[in-house]
Amino acid sequence: MGAVIYEQREVRRARYAVAAVFAVHGAVTGSFATRVPWIQDHASVSAGQLGLALAFPALGASLAMPLAGSVTHRFGARNALRGLIALWTLALVLPSLAPNLPALCAALFIYGATAGMADVAMNALGVEVENRLGRSIMSGLHGMWSAGALIGSAAGTLAAHLGADARLHHLLAAGILTVLGVGACSWVLDLQPAEDEEPPPRFALPPRSALLIGAVGFCAVFAEGASLDWSAVYLRDRLESSAGLAAACTTGFTLTMAVARIAGDRVVDRFGSVATVRAGGVLAVLGGLLVVVAGHPAVAMAGFALMGLGIAVVVPLCFAAAGRSGPNPSQAIAGVATITYTSGLVAPSAIGGIAQATSLMVSFGLVTLLACGLVVFAGVLRAADRDRPKLSPPAEAVPGPRS
């Protein structure tokens, strides 16, 4: 009885620890995003060159994510996450140091590669904690990422307002976030591979199950990327809204997603992953239709809010399903993460290209059509609804001693 109580405490503590890691990961992203204008000026790059450079984080993440499984196998889950989160937080300093375009592209490639590998490692640990608790926590974990991003953005906005040098700002932020991230890793589950377990290949194509799950995530992230980057432009250019109201639309969309993710686990526990994603898909489609037919800013803002509400929990559930879809969770999660990162990369440019050829209304018609995929293909997430053994880890995954 005492051993069971001790194990319960360990798993609950691991849940809070991995949630803190998610928040740290998000805070790095928020800290970087707010200082992009300073970085652009410091590197003396044009808007077009900046757009090229900003493709490198996704490229670095896509190429590095498949390595996360082999790193975890070699060093164990806790040590791997500790090292990867430290690399990610310290990589925040690199872009602000870049003096020109080639250096900026290289810095952002490293920034994205470390982000992607840490992303895979922390999601794999999140899925394991969820399995042991026997209830959904992935949505809340991603909600913590959103909360961390908002905190990082707020601090970055203040630094920009004060005219602080981004190199100093990011050095200070990297130091604080490294201490917090590495410290939190001391309490995550220390999963170790079985003695006879074959190490995963360094590079491997994702399994077929991950491709199907990733396709669902692709639809959600496409809508997210399109809304984040183009909602303000949509209100300003098509509905002739003020700059303040247009910006408020984007902020409202972000807040809607964060709140929905934090509250989403209760919905998932009650109705299951498949039903939740299908219902979310319906909301996203309705939101997209409102955006397309909107003749007033309030209608479009309501549409974007509905889309944020509808897609909020999809990506966390895709990671949860991937982690239960086969014998190698890290490989499956890496496959899903690569697909979703690719979607986030192509969505803004695709929306812009379609808008250039036709109109923004047609662009968001495509977003609405892709949102229908959430309703149609939600069944591939059924793996996330499988029975989760409560507090009964396999022999090779028993938590090790605390650091």
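**View 1. Phenylalanine 304 tucked away inside the model.** Phenylalanine 304 has 0% relative accessibility, so it counts as buried (under 20% relative accessible area, with exposed meaning over 50% and partly exposed in between, using a 1.4 Å probe on protein chains only). Its partner in this view, phenylalanine 364, is buried too, at 1%. This is a predicted model, where local features need pLDDT of at least 70 and side-chain atom pairs pLDDT 80 or more, while totals for chains, interfaces and linings use all residues. Residues are numbered from 1 along each chain as its sequence is written, and side-chain values use heavy atoms, leaving out hydrogens and water.

**View 2. Rings meeting rings.** The model has 6 aromatic pairs (Phe, Tyr or Trp rings, the six-membered one for Trp, with centres within 6.5 Å; planes under 30 degrees apart are stacked, over 60 edge-to-face, the rest tilted). Among them, phenylalanine 304 and phenylalanine 364 sit edge-to-face, with centres 5.4 Å apart and 85° between the planes. That pair ties together distant parts of the chain, 60 residues apart: phenylalanine 304 belongs to helix H14 (residues 297–311) and phenylalanine 364 to helix H17 (residues 360–377). Helices here are DSSP runs of H or I, at least four residues, numbered from the N terminus. Elsewhere, Phe32, Trp88 and Tyr111 gather into one aromatic cluster.

**View 3. Helix H8, end to end.** Helix H8 covers residues 101–133, and its 33 residues should span 48 Å at 1.5 Å a residue (1.5 Å times one less than the number of residues). The end C-alpha atoms are 47 Å apart, which agrees with that. With 28 of its 33 residues buried, H8 is largely enclosed by the rest of the structure. Right after H8 comes glycine 134, with a positive phi near 75°.

**View 4. Helix H15, wrapped up.** All 10 of the 10 residues of H15 (residues 314–323) are buried, so the rest of the structure largely encloses this helix. Those buried residues include Val314, Pro316, Phe319 and Gly323.

**View 5. H16 and two of its neighbours.** Helix H16 (residues 329–357) packs with H17 at about 135°, with axes 7 Å apart (lines fitted to C-alpha atoms over the stretch in contact, angles from 0 to 180 degrees between N-to-C directions). H16 and H17 are therefore oblique (neither under 35 degrees, roughly parallel, nor over 145, roughly antiparallel, nor 65 to 115, roughly perpendicular). Helix H4 (residues 56–64) also packs with H16, at about 165° and with axes 9 Å apart, so H4 and H16 are roughly antiparallel.
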